[in-house]
Structure formats: C-alpha cells, structure tokens
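Here is a friendly walk through one model, in questions and answers. Have your viewer open and follow along.

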Amino acid sequence: EKYSVSLMPSFSLTDTTYNNIQDAKILAMGASNFKTLNDLPGAETEVSILIDKIWQGRKLFNEEFTFKNLKKEREKNPFGIVHLATHAQFLAGNANDAYIQLWGEEQLSLDQIQELNWYEEPKVNLLVLSACQTALGDEQAELGFAGLAIKTGVQSALASLFYVSDEGTLALMSEFYYQLKQNPIKAKALQQAQIAMIKGDVTIEDGKLNLAEAGFEFSLPENLNIDSKNLSHPYYWSSFVLIGSPW
C-alpha cells in the first residue's frame, strides 16, 4: 500500500525509456470455451469491458484467437498493448510443456513467443497475460512467459504467480485499465487497482461489476452466474505482478 512495485529480472535487458502508454491502443484476444479445460465465462466480458468501455483497440475472441491472427494483427497495426485472456500452464521443470491456450487445440509455447517479433518498432509497451501462472518459472525460463516476453523485447508484462479467480481477474483488470488512464506509470496503476480492491471499492453485486472510484457500473451477462462477492481478499488481487519496466 506504500509503494508501487515491479520485478526487473535484468537491468541490462530492461528498456527504461518512458513512453506515455495512455495513447496506445489494445489488441485484446482470448477465449471462454475450451475442449478439455474449464470454461472462462468472465474472459469475454473482461475483453468487452476493456475495448467497449475503458480503452480503444480491437478485440478478437474464441475462433479468432489463433497464433496466425495474433501475429498478423500486431504486424498490421502498431498496438502498444497486447492483452490475452485465457488459460495458461507452467509446470516447473517442464518448460517444454508450458503453454498459453489459444482457440481449440492450438497452444502458444514459450518458443513461439519469440516468433511474434514484438521487439520490432514500435515495440509492445505492455503485455498483459490474464491467465494462471504466467509469471511462474524455473531455471530454464525465469519468470515464465512474462520473463521470456521481456527478454524478447516487450517493455513490461503483467502476469500471475498462481491460479487465479475468473471473477477476481475480471474485476482487477477492469480497475487496472481504469487506473492506467489516470496514472501513466504502469506499476502505480497496478498498485492503485489492488488498493481499490483491498478497500472494497471494487465489488460484484446483484449481477453488476462496480468500480466505485471510476463511477462505473457494468451489468454482467446472466450466463456468468457470479454471486455477489467481496473482492478484498488477497486471493483476488495479489497474484498479478508487473515484470520489466515499472513505467
């Protein structure tokens, strides 16, 4: 609550140039339905809130969430922010089996991240991996997907350390992007979003997501079936960490 924090794996690999992220556009992609994994009904709502209510950008969902589209859209448009809302898995000692789940049976591996060429100018300023364990790594890949993304040119990455709550992630991400509009320092925006959840200023009540400071109220789809929740417990907000440049 006193300090905004980011993890910098290597100062020499970190781009410390300040770029005002508030003018950047988002490429938001994800999936809510899976063949062998639990569905994420909150993911589509998360992406819709980001693009339709808070920030400017483009959204691609479910069958459009492919490696080909991820690479093509970024090459076609200089999106400064890439947001992926889906499942991910990183098992320590099995880096080759780590993946971010795309549509259907397609998976994004650690090696494939380097093929996305996010280091090319204008580079990706912020990568948000709205999924489980995307900042968890081992000796082969420090800090998991997020650490590798930093190594391949992304300035900052927001990722998780453990299995996260679907509804908690929906709430945190919505508040984070609102705060990013007010605080052009990424680490500060994450801190303020987490504090808002600690104080109970971000809630889900009567089928609505409430962001008290923003004065926003979003009606959630009926198929989410999310009961009213107090999201102040660390389980809902503490998993996500910022890696790379704090600003």
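Two strands pair if DSSP finds at least two bridges between them; helices (H or I, at least four residues) and strands (E, at least two) are DSSP runs, numbered from the N terminus. This is a predicted model, in which local features need pLDDT of at least 70, side-chain atom pairs count only at pLDDT 80 or more, and totals for chains, interfaces and linings use all residues. Residues are numbered from 1 along each chain as its sequence is written, and side-chain values use heavy atoms, with hydrogens and water left out.

Q: In the open sheet of three strands, what is the strand order?
A: The pairing in this sheet is antiparallel. Its edge strands, β4 (88-89) and β6 (107-108), each pair on one side only. The order is β4-β5-β6.

Q: Which residue in β5 stands opposite Ala88?
A: Strand β5 covers residues 99-101, and two bridges join β4 to it in the antiparallel sense. The residue opposite Ala88 is Ile100.

Q: How many of the five residues of β7 are buried?
A: Buried means under 20% relative accessible area, exposed over 50%, and partly exposed in between (1.4 Å probe, protein chains only). Leu126, Val128 and Ser130 point one way from β7, Leu127 and Leu129 the other way, and all are buried. For strand β7 (residues 126-130), the count is five.

Q: Which residue is the bridge partner of Ala85 in β7?
A: Strand β3 (residues 81-85) pairs with β7 in the parallel sense over five bridges. On β7, the partner of Ala85 is Ser130.

Q: Why does the salt bridge between Lys35 and Glu105 tie together parts separated in sequence, and how many residues apart are they?
A: A salt bridge is a side-chain nitrogen of Lys or Arg within 4 Å of a carboxyl oxygen of Asp or Glu. For Lys35 and Glu105, the closest N and O atoms are 3.9 Å apart. Lys35 lies in the loop between β1 (26-30) and α1 (41-54) and Glu105 in the loop between β5 and β6, so the parts that the pair ties together are apart in sequence by 70 residues.

Q: Is Glu73 buried or exposed?
A: Glu73 and Lys76 both lie in helix α2 (residues 67-76), three residues apart, and their side chains meet in a salt bridge (3.6 Å, N to O). Lys76 counts as exposed at 53% relative accessibility. With a relative accessible area of 3%, Glu73 is buried.
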